[in-house]
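Please read the sequence and the structure together before turning to the report below. The sections go from the chain as a whole to its strands, its loops and its charged side chains.

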Amino acid sequence: AVTLDTLHLQIKPTCVGSVTTRTVVIHNPTGVPMYYNWVIPEAYRRVLLVEPKQGVLRGNERHTLYWHFAPKKTGSYSMKIPVTIERAQVRDLADNDFTSTVDMAETMNLTYGTLTKKPQTV
């Protein structure tokens with residue numbers, strides 16, 4: 001299973017009109033290439049951006065994700081951002097054609113933690 005180095009991304013208070021950027025590392029500890037795609041809900045697309053939004057993680061590979069938060073109004077933000085993770089298509093080098101693996105994993109919709117503007121008390 002693909003993992004993140006944190007399940008709760010906490011962002012320091014950010015002034016309206018400013019941008020705060022945080023990094024999160026996504027890791028594929030398996031030997032199977034995995035495709036990921038972050039699905040930012042429409043309601044948050046003006047205040048939150050992730051780069052890269054999608055990609056392929058080869059076995060034991062890590063990618064650094066850059067999360068940019070730019071509030072449009074004052075207030076507290078709490079967001080759950082789903083990610084789709086599935087087995088990546090592989091290239092068959094014998095015939096130089098792209099094929100899917102026969103046992104293609106189903107798409108899993110996962111929610112990784114909560115993105116918050118300020119720390120929460122648990």
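## Surface and burial

The protein chain of this predicted model exposes about 7,700 Å² of surface, and carbon and sulfur atoms supply 53% of that area. Buried residues account for 34% of the 122 residues in the chain. Among the contacts with a separation of 6 or more, 68% are made by residues that lie 24 or more positions apart.

## Confidence of the model

The pLDDT of the protein chain averages 81, and 73% of the residues reach a score of at least 70. Over residues 98-122, however, the pLDDT is below 50, although in the model this stretch has 70 contacts beyond near neighbours in sequence.

## Strands and sheet

The protein chain contains 13 strands and 0 helices, and its elements, read from the N terminus, are accordingly a run of β strands. Four of these strands, in the order β1-β3-β7-β5, form an open sheet in which the pairing is antiparallel. Because β1 (3-4) and β5 stand at the edges with a single partner strand each, one side of each is left without a neighbour in the sheet.

The partner of β5 in this sheet can be described in detail, as β5 and β7 run antiparallel and are joined by 4 bridges. Within that pairing, Leu49 has His68 in β7 as its bridge partner.

A further antiparallel pairing links strand β4 (residues 34-38) to β6 over 4 bridges, and there Tyr36 stands opposite Gly55 in β6. The side chains along β6 alternate, with Gly55 and Leu57 pointing to one face, where they are buried, while Gln54 and Val56 point to the other face and are not buried. Gly55 is therefore a residue that faces the buried side of β6 by the cut-off of under 20% relative accessible area, and Gly55 is also the residue across from Tyr36 in the pairing with β4.

## Backbone features in two loops

Which residues does a cis peptide bond join? The bond lies between Glu51 and Pro52, and its omega is about -10°. Pro52 is placed in the loop between β5 (48-51) and β6 (54-57).

The loop that comes between β6 and β7 (62-69) holds Asn60, a residue that is not a glycine and yet has a positive phi of about 60°. Asn60 has a relative accessible area of 51%, and because the cut-off for exposed is over 50%, Asn60 counts as exposed.

## Salt bridges

Side chains of opposite charge can pair when their charged atoms come close. How many salt bridges does the count come to in this model? The count comes to 2 salt bridges, and each can be described by its residues and its distance.

In one of them, Glu42 pairs with Arg45, and the closest N and O atoms are 2.7 Å apart. Glu42 is exposed, with a relative accessible area of 59%, whereas Arg45 is partly exposed at 48%; the two residues are classed in this way because over 50% is required for exposed.

The other salt bridge brings together the side chains of Glu61 and Arg58, with 3.2 Å from N to O. Arg58 counts as exposed, its relative accessibility being 54%.

Terms used: Residues numbered from 1 in each chain as written. Predicted model: local features only at pLDDT ≥ 70, side-chain atom pairs only at ≥ 80, totals over all residues. Heavy atoms only, no water. Salt bridge = Lys/Arg side-chain N within 4 Å of Asp/Glu carboxyl O. Buried < 20%, exposed > 50% of the residue type's maximum accessible area, 1.4 Å probe, protein only. pLDDT = per-residue confidence, 0-100. Contact = heavy atoms within 4.5 Å. Pairing = 2+ DSSP bridges. Areas by Shrake-Rupley, 256 points an atom, 1.4 Å probe, with all protein chains shown as cover.
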